[in-house]
Amino acid sequence: MAVQTVHKSKDSGASDQRQVAPRDWRYQLRKTLRRPQFWFGFTLLLPTLIWYWVFSYRPIIQAFRLSAVHYQILNPTASKFVGLDNFSTIFEHPLFWISVQNTLTWAVLSFLSTIPISMGIAVCLANIRRGRNLYQGLIFLPVVVSLVAVLLMFRMLMDSEVGQFNQILRGLNLPESKWLASTTSALPTAVGIGVWKSLGFYVVILTAGLLGIPQELYDAALVDGANEWQRFWRISLPLIGHTLVLVTVLLAIGALQEFTLPYILTGGGPGNATYLYNLLIYSEAFTDLRFGTATAAALLQFFFILIISVLQLKLLRPTWSY
Amino acid sequence: MNIDTKEATQAVRYRTDRWPRRVNLGQTVLHLILLALTLVTTVPFVWMIFASFKNFKELVSTTALLPKVWTLANYEGIFSRVNFIAAFGNSVIAATTVTVATLFTSAVLGYIFAKYHFWGKEQLFLLLLVTMMVPFAVVLVPLYITIGDIGLINHLGGIIVTGLWSTFGVFFMRQFMESIPSELIDAARIDGASEWRIFLGIVVPISTAPLAALAVFVFLGNWDSFLWPLVVLNSPEKQTLPLVLAGLRNLFWTRYEIWAAGSILTVAPVMLIYSFASKYFIQGIAMTGLKA
């Protein structure tokens, strides 16, 4: 070891040279290996990284490889490289454009209904004096409950002959609707059910945001003579800007990836009215067993979602803060 | 200028000042709106509970809420045709295992990323975070192939092993643990506590609130998970509850009263827990939103 020692003289004065251990990497390594924190972190990070590699990173890399080959399930190593052919196959799939259109319509409809309604309810909740917890608890109920159970419930209620909705309308002599059975009303109805299910979630987030605004700001505005609308538009809305952006991004990402709802509620809808993009991916992968094209379709969706999220964050980032 | 708020409020006259003081129009309107929404949210469930006790003829003929003839035949139908108990058990095993594992890994990793300092820490964290951005559909097929290679297809382990770590959980716990004063941990170290002792004895007890919120979040997410179990679990006795419930559509075609019974069976446990713990559920979600 290159430790430089000096004779230790009896009279150790200030001019004596001390033992100096060089700060080279071996020394640092041994020092680190001695620290208990190192071992704690190491023994926990190692399985973590292994898990992430096997179940996260490797699948992502595999996805890129899968999308570029014609995958043979029975003999994977014989899969032929086809480059971008899978992508063009997907574009030419008869249901591709229908599913894209349906998915985008779904996203827009659910966005346009969820944001105003949940914002309005959040304002109500933030301004009432008593019973807030009770209301929140009941409004949040659909979020907690199993989606599949809820979907069965609504299929039952919205059956066009025997369902309760139409029975009530019949009883009130109002025109009935075909709800999930008609190609024009199926998508909006399904969106409505989705909104019903997730409304409480967004209401809770927005209410929490609203309640975080200090009361003094409202008092100051009141003193300056602001009415309710101005107080909302000039104070509440800007100050929950970052919460609203979060809600927007969550909504968009969620709506673009709907699978369970259309699969169970309508199986794609009367005709293809509720055939969403993820149904296409699923059927390509597990009904037609074409893994290559299915993954290509999924990658397309990934890029789209990425672009949308980046756009949203760039365009909507609020400039106010307090 | 120090204006007393009450005086200032009184300086502004409202139309409603002319009304008798007990009528608080603003509050009443708000309560009416909220009441309406609450009805919309809860009436379907109330309807379903009673529908599960009706027979088919009664269900489709009247809109009356309460059944004229109470029957348990629907529940009998479910238990006889479908192995509901097995599915329930599968769901419970999967959800609790995943929740416990995720809580542990998220807490530990959150602690490491919040309180430890090492070379490459932020880069590593970013690497982990990136995986959250990839939608599940992208890794659906590769994961299926991987699980197949491991041999866990049609096995409960197939849906458990993919849920052991949660990037969201790590992110969430790290956010919280950054607010734990480092002095506590340093003091414990000086007193000679081992790292595990520090973690289990100081960090975890402080973090019970976010841990509980995370537990609720992960449990519900796994309990209601549909796509991945649909792909992995093929045989009926291995399936989880949502799969079995969805199968009722085909097994009991338009026998809505049986659907109602199945739905209530699935929903009842969660609703029961929710009725006691709703505050914690909601606080957890609110915490998520505020931290993000």
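This passage describes the domains, the chain contact, the helix packing and selected residues of a predicted model.

In this predicted model, chain A is divided into domain 1, covering residues 25-87, and domain 2, covering residues 89-316. The C-alpha centres of domain 1 of chain A and domain 2 of chain A lie 35 Å apart. Between these two domains of chain A, 10 residues of domain 1 are in contact with 12 residues of domain 2. On the side of domain 1 of chain A that touches domain 2 of chain A, the elements that give two or more residues are α2 (36-66), β1 (69-70) and α3 (85-92) of chain A, and α3(A) gives the most, with three residues. By class, the residues on that side of domain 1 of chain A divide into six nonpolar, three polar and one charged. Chain B is likewise assigned a domain 1, residues 5-72, and a domain 2, residues 82-251, and the C-alpha centres of domain 1 of chain B and domain 2 of chain B lie 38 Å apart.

The contact between the chains involves 70 residues of chain B and 75 residues of chain A. On the side of chain B that touches chain A, the largest share comes from helix α15 (residues 256-291) of chain B, which supplies 17 residues. The residues of chain B on that side divide into 50 nonpolar, 17 polar and three charged.

A residue of chain A that touches chain B is A:M153, which is found in helix α7 (residues 147-157) of chain A. When residues up to four places away in sequence are not counted, A:M153 touches B:P44, B:M48 and B:S263. Because 23 other C-beta atoms lie within 10 Å, A:M153 is buried, the cut-off for a buried residue being 20 or more. In sequence, A:M153 and A:L265 are 112 residues apart, while in space the C-alpha to C-alpha distance between A:M153 and A:L265 is 9.7 Å.

Within chain B, helix α12 (residues 208-223) packs with helix α5 (residues 84-115) at an angle of about 145°, and the axes of these two helices are 9 Å apart. The crossing in which α5(B) passes α12(B) is right-handed. To this contact α5(B) brings B:S91, B:A94, B:A95, B:V98, B:T99, B:T102, B:L103, B:S106 and B:A107, and α12(B) brings B:L211, B:L214, B:A215, B:V218, B:F219, B:N222 and B:W223. The residues of the contact of α5(B) with α12(B) comprise 11 nonpolar, five polar and no charged.

Helix α9 (residues 167-177) of chain B also packs with α12(B), here at an angle of about 165° and with the axes 10 Å apart. Since angles over 145 degrees count as roughly antiparallel, α9(B) and α12(B) are therefore roughly antiparallel to each other. The crossing of α9(B) and α12(B) is right-handed. In this contact, B:G169, B:F172, B:M173 and B:F176 of α9(B) meet B:P210, B:L214 and B:V218 of α12(B), and the residues involved are six nonpolar, one polar and no charged. Both B:L214 and B:V218 thus belong to the α12(B) side of the contact with α5(B) and to the α12(B) side of the contact with α9(B).

Two residues of chain A were examined for their backbone angles. Most residues other than glycine have a negative phi. Against this background, A:W179 has a positive phi of about 40° although it is not a glycine, and A:L289, also not a glycine, has a positive phi of about 55°. A:W179 is placed in the loop between α8 (164-171) and α9 (186-211) of chain A, whereas A:L289 is found in the loop between α14 (277-287) and α15 (291-316) of chain A. With 22 other C-beta atoms within 10 Å, A:W179 is buried. A:L289, by contrast, counts as exposed because it has 11 C-beta neighbours inside 10 Å, and a residue is exposed if that number is 12 or fewer. Although A:L289 and A:I73 are 216 residues apart in sequence, these two residues are 7.9 Å apart in space, C-alpha to C-alpha.

Notes
Residues numbered from 1 in each chain as written. Chains lettered and ligands numbered in written order. Predicted model: local features only at pLDDT ≥ 70, side-chain atom pairs only at ≥ 80, totals over all residues. Axes fitted to C-alpha atoms, helices over the stretch in contact; angles between N-to-C directions. Helix = DSSP H or I, 4+ residues; strand = E, 2+ residues; numbered from the N terminus. Left-handed = near helix turned anticlockwise from the far one by under 90°. Contact = placed C-beta atoms within 7 Å. Nonpolar A, V, L, I, M, F, W, Y, C, P; charged D, E, K, R; others polar. Domains from an automatic or database assignment. Parallel < 35°, antiparallel > 145°, perpendicular 65-115°, else oblique.
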